[in-house]
Amino acid sequence: MAIQISTPSPLPFPPHVSLALQSNHIYGGDVASLPSFRRRHRSLGLYCQLSEHLTTSQIASPSRTRRIDKSLLSVSETCLESELWAATRLRVRTFYDFKEHTFGIEDHKRYLSEREFEALKERVAGKRKGFRRVACINATLPMSLVLGLSADLCASCKFSHNGEDRVVVGTLDLNQCLSLSDEIIGKKPEGIGADIARAYISNVCVAEELHRNGLGYELIAESKRVAENWGISDLYVHVAVNNEPAKNLYVKTGFTLESDEPAWQARFMDRPRRLLLWTGLPITYEFCKCDYLTGRGSADC
């Protein structure tokens, strides 16, 4: 007789994130947006639990840190489905501690990954309401280099492009929108056109094996470059108040505190209290009517 493995029924998720990524230690705007996420997640305890470690390039212990050749590192935006899948696998791998010997655990990992993969593809393709653009920005290394560090990371997060096998070792999303669901809303800029000139960073993570290699800084730098090309003037990121490594990362990359979440709201959302950090970017074009209508700048306006 065949044994059927049951998985939890799909749950609704906000436009910028799926259930798989509602963790209190994620750097960016995807930090626990569903009010009852923790309560919902407890029903999945048979398979895994939220990881307690902070996913930042600043906190690995020296004995677990491996230095990499930065000349082989590539950090860029992608729409390639195989790379989006690899990024999804890294997020699920990073944000959960799985009970590896549990029956059906690989099916559960794939279930979580597939849900976020479909949501990520929709966001990047511009099919999610409320988002003008979403970019998935990844840090990747040749598989030959990573294989000596972690065979599991290679197996989980590899992809092929132009005949080369590479591994996603860091990832984040850049979201051009007014706000992220259930998160503190940025105040800048004000008035017409704010949905064009405002963006949020979310879903930032770095493979644990490669912490302390500055990959977080590389990802933030590339997200700023892409945001400037979009005409973004005000860039935001959410961070848990008790996540000191992530706060240090953002402060060192130019972010400052704009507002914080009321304690009552954090209790209601069943999550650590959030801080909203802001940084200004150079304005590369003058806002005009066509910007508001199209979401893109034009030198001919």
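**Exercise 1. Around helix α8**

Find the residue with positive phi that follows α8, then work out which residues of the helix are buried and what covers them.

*Solution.* Start just past the helix: α8 is followed by G254, and the phi of this glycine is positive, near 100°. Keep in mind that you're looking at a predicted model.

Now step back to the other end. N243 acts as the cap at the N-terminal end of α8. One of the side-chain oxygens of N243 sits 3.2 Å from the backbone nitrogen of A246.

Next, go through the helix itself, residues 244-252. The buried ones are P245, A246, K247, L249 and Y250, so a lysine is on the list too, going by the under 20% cut-off for relative accessible area.

Last, look at what lies over them. The cover includes two strands before and after a helix in the chain: β7 (198-206), then α7 (215-230), then β8 (234-240). Strand β10 (274-280) is also part of the cover.

**Exercise 2. The neighbours of strand β6**

Which strands pair with β6, in what sense, and over how many bridges?

*Solution.* Take β6 first: it spans residues 164-177, and twelve of its 14 residues are buried.

Then take the partners one by one:

- β4 (residues 131-142) runs antiparallel to β6, with eleven bridges between them. For a landmark, find A135, which stands opposite L174 of β6.
- β5 (residues 158-161) pairs with β6 over four bridges, again antiparallel. Here F159 has R166 of β6 as its bridge partner.
- β7 is joined to β6 by six bridges, and these two are antiparallel as well. The pair to look for is N175 with Y200 of β7.

Finally, check the turn. β5 and β6 form a hairpin with two residues between the strands, and N162 has a positive phi there, near 55°.

**Exercise 3. Odd backbone spots**

Locate the cis peptide bond, and then say where D182 and N203 lie and whether each is buried or partly exposed.

*Solution.* The cis bond runs from K188 to P189, with omega near -15°. P189 belongs to the loop between β6 and α6 (194-197).

D182 lies in the loop between β6 and α6. Its phi is positive, near 60°, and it isn't a glycine. With a relative accessible area of 33%, D182 is partly exposed.

N203 is another non-glycine residue with positive phi, near 55°. You'll find N203 in strand β7. At 0% relative accessibility, N203 is buried.

**Exercise 4. T78 and the cysteines**

Work out what T78 touches, and then explain why C154 forms no bond with C157.

*Solution.* T78 is in strand β2, residues 74-78. Its relative accessible area is 6%, so it's buried. The side chains of T78 and E83 make a polar contact of 3.1 Å. Skip the neighbours within four places in sequence, and the contacts of T78 are E83, L84, V124, C136 and N138.

Now the cysteines. Searching the whole structure turns up zero disulfides. C79 is in none, and the nearest cysteine sulfur to it, in C136, is 8.8 Å away. C79 is exposed, at 56% relative accessible area.

C154 is buried, with a relative accessible area of 2%. Its closest cysteine sulfur is that of C157, and C154 forms no bond with it because 8.8 Å is too far.

**Exercise 5. Cores and the whole chain**

How many residues does the largest nonpolar core have, and which helix gives the most to it?

*Solution.* Count the core: 58 residues, with L153, V167, V169, L174, I201, Y250 and F255 having the most contacts inside it. Helix α2 (residues 81-95) gives the most, contributing seven residues. There's also a second, separate core of eight residues, with F131, Y200, Y236 and L276 among them.

Now zoom out. The protein chain has ten helices and ten strands, and 55% of its 301 residues are buried. Of the contacts with a separation of 6 or more, 77% are between residues 24 or more positions apart. The chain exposes about 13,600 Å², and carbon and sulfur atoms supply 53% of that area.

Technical notes: Residues are numbered from 1 along each chain as its sequence is written. This is a predicted model: local features need pLDDT of at least 70, side-chain atom pairs count only at pLDDT 80 or more; totals for chains, interfaces and linings use all residues. Side-chain values use heavy atoms; hydrogens and water are left out. Buried means under 20% relative accessible area, exposed over 50%, partly exposed in between (1.4 Å probe, protein chains only). A polar contact is a pair of N or O atoms within 3.5 Å; within protein, one must be able to donate a hydrogen and the other to accept it, and residues adjacent in sequence count only if both atoms are side-chain atoms. Contact means heavy atoms within 4.5 Å. A disulfide is a pair of cysteine sulfur atoms within 2.5 Å. A nonpolar core is a set of buried Ala, Val, Leu, Ile, Met, Phe, Trp, Tyr and Cys residues joined through side-chain atoms within 4.5 Å. Two strands pair if DSSP finds at least two bridges between them. Accessible areas come from the Shrake-Rupley method with a 1.4 Å probe; for residues, only the protein chains shown count as cover.
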